[in-house]
Amino acid sequence: MKIVIPGGTGQVGAVLERALTAQGHDVVVLTRSPRGRQVRWDGSTLGDWAAQVDGSDVVINLAGRSVSCRYTKENLAAMMSSRVDSARVVGEAIAAAARPPRVWLQMSTATIYAHRFDAANDERDGVIGGHEPDVPGYWGYSVEIAKNWEAEQERAATPHTRKVALRTAMVMSPDRGGVFDVLSRLTRLGLGGPVAGGRQYVSWIHDRDFVRAVRFLIDREDLTGAVNLAAPGPLPQRELMRELRAVYKRQAEIGAFALRTDTELLLKSRRVVPGRLLESGFTFDHPTWRSAAMDLAARRRARGALTASPVNGRRPTSSNLARG
Ligand SMILES: NC(=O)c1ccc[n+]([C@@H]2O[C@H](COP(=O)([O-])OP(=O)(O)OC[C@H]3O[C@@H](n4cnc5c(N)ncnc54)[C@H](OP(=O)(O)O)[C@@H]3O)[C@@H](O)[C@H]2O)c1
């Protein structure tokens with residue numbers, strides 16, 4: 001298959017490009033700064049890049065300004081516009097294509113759901129966020145971004161292309177600079193404890209299950225609309241870190257974070273489960289965090305990360321932690 005991945009140069013794009021290329025597919029990445037085979041686009045206007053979409057089989061749009069930052073007015077505006085504009089222009093390219101792709105997977109986020117502890121959010125009964133009592137008002141903005149992101153895909157007039165919104169939890173891969181790598185470093189430095197009590201749920205998905213779920217959604221012609229991509233076992237942050245300490249054989253420790261990122265990313269309780277995937281017969285290779293963490297730690301070790309220098313030359317901070 002020819003698979004076009006706008007915004008495929010980041011963490012999630014690397015996971016997908018590697019796996020889909022290894023499976024023999026022709027993967028084309030759209031980026032604002034192309035290298036090698038990558039194709040230039042600007043994420044907001046139609047251009048020559050649209051020829052890549054025409055005749056492709058699948059488009060997976062991942063573009064969006066990183067959310068791992070301080071929520072300044074400027075950053076929030078860029079987080080919104082980069083997502084909405086890129087989804088809109090991908091829709092325009094598909095609509096204009098003589099041979100449109102059969103499916104458009106549009107990245108969304110598990111953050112669209114409400115901050116809650118009492119029950120898990122699936123697609124049918126889950127509560128969309130933005131109206132929770134007792135949370136800072138600005139938390140609602142991330143939900144607004146997610147809603148507008150999805151709305152842009154829904155609005156697109158692409159009658160020959162199936163549309164799926166990927167409400168994705170934190171994608172855990174062994175790659176340098178990814179969330180798992182940073183959590184591992186903190187744990188090994190003795191800083192991998194609970195944050196603010198650690199009651200808040202963390203939803204996550206193992207990278208290979210993420211790729212398998214994407215393949216499943218490409219193949220299943222009957223599935224459209226919003227789908228949660230999260231392992232069935234979200235868990236409170238303090239348990240997530242306890243399991244990681246067990247994997248790395250460390251004692252109980254404090255949670256220490258250089259707070260360069262926004263507190264919502266660390267404190268919001270994201271309790272999200274994969275209702276539609278499970279109902280549709282998808283099975284997870286790593287449904288529990290213990291199994292996922294053991295596998296990821298072994299692969300991370302195999303790539304020699306434990307003796308390597310800091311992530312991209314940066315110190316591990318919470319700003320690398322709070323994706324999705
Ligand atoms: N990582 C996760 O666990 C996770 C979970 C749920 C949802 N998501 C969402 O999935 C997407 C990919 O995640 P990621 O972790 O791979 O993010 P990432 O590493 O920050 O990569 C996102 C890509 O978006 C592109 N981009 C950034 N600003 C842009 C703009 N203004 N216009 C057009 N393109 C822009 C960048 O590509 P170029 O600079 O090369 O153009 C970048 O490589 C993001 O939208 C993220 O919010 C991620």
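## Predicted model: overall build, one helix pair and three loop residues

The protein chain holds ten helices and eleven strands, where helices (H or I, at least four residues) and strands (E, at least two) are DSSP runs numbered from the N terminus. This is a predicted model, in which local features need pLDDT of at least 70 and side-chain atom pairs count only at pLDDT 80 or more, while totals for chains, interfaces and linings use all residues. Residues are numbered from 1 along each chain as its sequence is written.

**Overall dimensions**

Along its principal axes, the C-alpha trace of the protein chain spans about 60 × 45 × 40 Å. The radius of gyration of the protein chain is 19 Å, which agrees with the value near 20 Å for a compact globule with 324 residues; the radius is taken over C-alpha atoms, and the globule rule is 2.2 Å times the number of residues to the power 0.38. Of the 324 residues, 45% are buried, a residue being buried if 20 or more other C-beta atoms, placed from the backbone, lie within 10 Å of its own, exposed if 12 or fewer do, and partly exposed in between.

**Helices α7 and α10**

Helix α7 (residues 237–247) packs on helix α10 (residues 289–302) at an angle of about 45 degrees, and their axes are 10 Å apart. These axes are lines fitted to C-alpha atoms over the stretch in contact, with angles running from 0 to 180 degrees between N-to-C directions. The contact is made by Leu240, Glu243, Leu244 and Val247 of α7 together with Trp289, Arg290, Ala293, Met294 and Ala297 of α10, two residues being in contact if their C-beta atoms, placed from the backbone, lie within 7 Å.

**Three loop residues**

The table lists the loop and the C-beta neighbours of three residues.

| Residue | Loop | C-beta atoms within 10 Å | Class |
|---|---|---|---|
| Leu46 | between β3 (39–40) and α2 (50–53) | 14 | partly exposed |
| Ala196 | between α5 (179–188) and β8 (201–202) | 13 | partly exposed |
| Lys249 | between α7 and α8 (263–267) | 8 | exposed |

Leu46 touches Val89, Glu92 and Ala93, when residues up to four places away in sequence are not counted. Leu46 and Val89 are 43 residues apart in sequence, yet 6.4 Å apart in space, C-alpha to C-alpha. Ala196, a residue other than glycine, has a positive phi near 50 degrees, and Lys249, which is not a glycine, has a positive phi of about 55 degrees.
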